[in-house]
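Reader: I am new to this structure and should like to learn how its features are read. May we go through them in turn?

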Amino acid sequence: MKHVLVILLGLFVIGCQTGSENHQEDSPKSTADAFVDSLLTEMDLTAKVGQMTQLTLDMLCVGSPYNLDEPHRIDSAKLHLCIDSLQIGSVLNCGGHGYPKEKWFGIISAIQAAALDGDGPGIPVLYGIDAIHGTTYTDGGTLFPQQIGLAATWNPRLAYECGRVTAYETRASGIPWDFSPVLDIGRDARWPRLWETFGEDPVLLTAMGNEMVRGYQGEDVSSPTSVAACLKHFLGYSTPISGKDRTPVWIPDRQLREYYLPGFKAAIDLGAKTIMVNSGEMNGIPVHANPAILTKLLREELKFDGLVVTDWEDIKYLFTRHRVAADYKEAIVMAIEAGIDMSMVPVDYDFPVLLKELVEDGIISEERIDQSVRRILKLKYELGLFDTPVTHYEDYPDFASEAHIQSARTSAEQSMTLLKNDNDALPIPGGKRVFVGGPRANSLNDLNGGWTHTWQGTDPGYNTPGKLTVLEAMKNREDCQVVSAQSPEQLRSASGSDYIVLVLGESPYTEGVGDIEDISMGEDQAAWVVQAAGTGAKVIMVLVEGRPRIISDMEPDCDAILMAYLPGDEGGPAIASTLMGENNPGGKLPYTYPRYPSAHTTYDHKGTDLVDPNFGMNAFNPQYEFGHGLSYTSFGYSNQVVSSGASDLSSELEVSIDVTNIGDRAGDEVVMLFVTDSVASITPPVRKLRKFERISLEAGETKTVSFALAASDFSFVGIDHRWVVEPGVFGIHTDTLSTRFELNATENIYVD
Ligand code: BGC
């Protein structure tokens, strides 16, 4: 069979590459399409359904799934069964923990050799992995902050950097497909995957998501330093009513379009290659079985023509959990009819067998199968896998290089968000005695969070040697004298300190394992603050957490609070340099930090959310607002002017603002522009972020920041589910400055 492949490659090497846009139906048949068409004619049904099958690496290894024999190794009989007999097209994951890049090379080489040299049609396997904040499953890889920390930088360039470095190091591990970024919107603090998101606002999320995709896929996805991105989890995953993972959501179409869809739509327009489906049910229908979402919206409206993969075991769940199908076969029919291309099976061999039977019995058409197989083969072609099925780690000298580590360090530093700083408690002056304690103070795993070396990220056995915890990073410094203790009871005796730094928050978790019944920080952690209060030392709380845990009882006893999110392997030094003043914090909250366990209102809430029990307008009272973040310097805003643009919005409004560093040290400021809509046919939010830019200013320096506002920046999703601007009066706001803008139009303006 291999000779067929060689001829095909020979035939189609001439010609242009496919462009990055997904919308190409009208263009002449691309080289990739012609290649795929030809290859398809050589494939029998077994080969085709095999391509649509993705198994986890466990299924190819010695031992049983979720419990492999150590050291992990390929089982040649299983490899033969999966690759030669079932001819599966894709493998994912690691067998429970990461590997050195040399071992990855061995694993991927063995799989590709079996696929290319076996009895099948010689199609390389597409390997996929969750490299979500760096190449998380390769020993020693560079680890960035998790997405929520990247969002807090409000610096899309760093999302690009994270994507670029991750792509390079993932490719150094032989893997060309990354299940990232998460473009679910993080609007519920209880949800255990909040930290995997870019936060609660669609404008921030879209800007960060776009750049991360650009970083992953590069200019050309076939480059050996690019990976295919996978946007997940389409659609409506992130706000379950219960707050618990994979439980029901109810989202009206208008809200879906306004908040949940924009990030996906933008990344699809950019040319993102793949999408993973939401495991949950939305409005009573599991998304894996919903053609309205996976075909009508995704394919017909958004014109996505890339690969759609299920999430973990989700076709099976249609009958075992959701109970919309009576058995596995019925579930497969539903999912294929809804629009999936590849099943992340991933722990049984039945899927391809049953799918084949369904085609042979005429229940699913071969034409439908061909449609999905085409998309899968095309991606393999675009990734260059037919030419280079395995990339070699020796060709990647920058793996974990100083430059990569510096990017991760800069990202961690720029994410640092100073929530409170009474009487300039921070930074800590040189030469002080500093107590550093609390449950998160001496754990690298806590800084990294889930999906780090292992799925849950809790096993320290796989950590990269030499990376520092907060305590170690503080101890390493020469400008302070550090003491510590293991428990809050020992704090007073061990202290006698000028400063008490308490690192509190969460230990790693992901998915359902991170479900909680109570979002409070908990008594055991509060006990540290209780012990610290009244010692005479300044009390500094450092938060290392994936979601905002309630701190309202502890906050009054703290002089300063620094939010570090999940800053990754460089988090220890980044936190230490922020506490000691080398890094001036410029991060801003990408979500609203709730004050009370049941108060989960987002910043862009409605007017009625303000009405309190005393009929005042004080009900919105979070611990900290979305966008909040202090600095060791301060900034003044002046001269906000709308300098040009048409009052009917037929041309863009240019809004400029002068921002001055009025303190005595350099610092970063995030200039955020919000728009308010005075009257609208759908109750308007109290304000809505439309533009932002992070700038650096020397002490005393002024910069003029300009934003161009188009009609879409005044729009919302209207009654007819279309993006609309209604004539009337708007407010344009930066910091405390406001400009009134009256839209002079006789009719609504549709902008979609
Ligand atoms: C998660 C996905 C992930 C997949 C593969 C699932 O359980 O929901 O986000 O990409 O596993 O590991």
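**Strands, helices and single residues**

Author: Let us begin with a pair of residues in neighbouring strands: valine 503 stands opposite valine 542, which belongs to strand 17. Please bear in mind that this is a predicted model.

Reader: Which way do strand 16 and strand 17 run, and how many bridges join them?

Author: Strand 16 (residues 499–505) and strand 17 run parallel, and seven bridges join them. Between the two, the chain passes through helix 20 (residues 523–532), and this β-α-β crossover is right-handed.

Reader: What lies beyond strand 17, and how are its side chains to be pictured?

Author: The general idea is that in a regular strand the side chains alternate between the two faces of the sheet. Here, strand 17 is also joined to strand 18 (residues 560–563) by four bridges, and these strands run parallel. Methionine 541 has isoleucine 561 of strand 18 as its bridge partner. Strand 17 (residues 538–544) is mostly covered, with six of its seven residues buried.

Reader: How many residues of helix 21 are buried?

Author: Nine of the nine residues of helix 21 (residues 571–579) are buried, so this helix is largely enclosed by the rest of the structure. What covers them includes strand 16, strand 17 and strand 18, together with helix 16 (402–415), helix 17 (444–448) and helix 18 (470–475). After helix 21 comes glycine 581, with a positive phi near 95°.

Reader: I should now like to understand the other sheet. In what order do the strands of the open sheet of eight strands stand?

Author: The order is 11-8-7-6-5-4-1-12, with parallel pairing. Strand 11 (307–309) and strand 12 (343–344) are at the edges; each has a single partner strand, so one side of each lacks a neighbour in the sheet. Within the sheet, strand 7 (residues 228–234) and strand 8 (residues 274–277) run parallel and are joined by three bridges. Leucine 231 has isoleucine 275 in strand 8 as its bridge partner.

Reader: Which strands does helix 11 touch?

Author: Helix 11 (residues 291–301) packs on the sheet and touches strand 7, strand 8 and strand 11. The direction of helix 11 makes about 130° with that of strand 7. Leucine 297 is placed in helix 11 and counts as buried, at 7% relative accessibility; the cut-off for buried is under 20%. Setting aside residues up to four places away in sequence, leucine 297 touches Phe234, Leu235, Arg257, Leu261, Ala292 and Leu302.

Reader: How does one describe helices that pack against each other?

Author: Two packed helices are described by the angle between their axes and the distance between the axes. For helix 7 (residues 156–172) and helix 8, the axes come within 7 Å and cross at roughly 30°. Since angles under 35 degrees count as roughly parallel, helix 7 is therefore roughly parallel to helix 8. Their crossing is right-handed. Residues in contact include Pro156, Ala159 and Tyr160 of helix 7 and Ala207, Met208 and Glu211 of helix 8.

Reader: At what angle do helix 8 and helix 10 pack, and how far apart are their axes?

Author: Helix 8 (residues 202–217) and helix 10 (residues 262–270) pack at an angle of about 30°, and their axes are 9 Å apart. These helices are therefore also roughly parallel to each other, and their crossing is right-handed. Among the residues that meet are Leu205 and Val213 in helix 8 and Ala266 and Leu270 in helix 10.

Reader: Which peptide bonds should I examine in the loops?

Author: The peptide bond from glutamate 70 to proline 71 is cis, with omega near -10°. Proline 71 lies in the loop between strand 3 (67–68) and helix 4 (76–85). The bond from leucine 426 to proline 427 is also cis, with omega near 0°. Proline 427 is placed in the loop between strand 13 (417–421) and strand 14 (432–437).

Reader: Is tryptophan 154 buried or exposed?

Author: Tryptophan 154 is buried, with a relative accessible area of 0%. It sits in the loop between helix 6 (147–153) and helix 7, and its phi is near 50°, a positive value in a residue other than glycine.

Terms used:
Residues numbered from 1 in each chain as written. Predicted model: local features only at pLDDT ≥ 70, side-chain atom pairs only at ≥ 80, totals over all residues. Heavy atoms only, no water. Buried < 20%, exposed > 50% of the residue type's maximum accessible area, 1.4 Å probe, protein only. Pairing = 2+ DSSP bridges. Right-handed = clockwise from strand over helix to strand, strands pointing away. Axes fitted to C-alpha atoms, helices over the stretch in contact; angles between N-to-C directions. Parallel < 35°, antiparallel > 145°, perpendicular 65-115°, else oblique. Left-handed = near helix turned anticlockwise from the far one by under 90°. Contact = heavy atoms within 4.5 Å.
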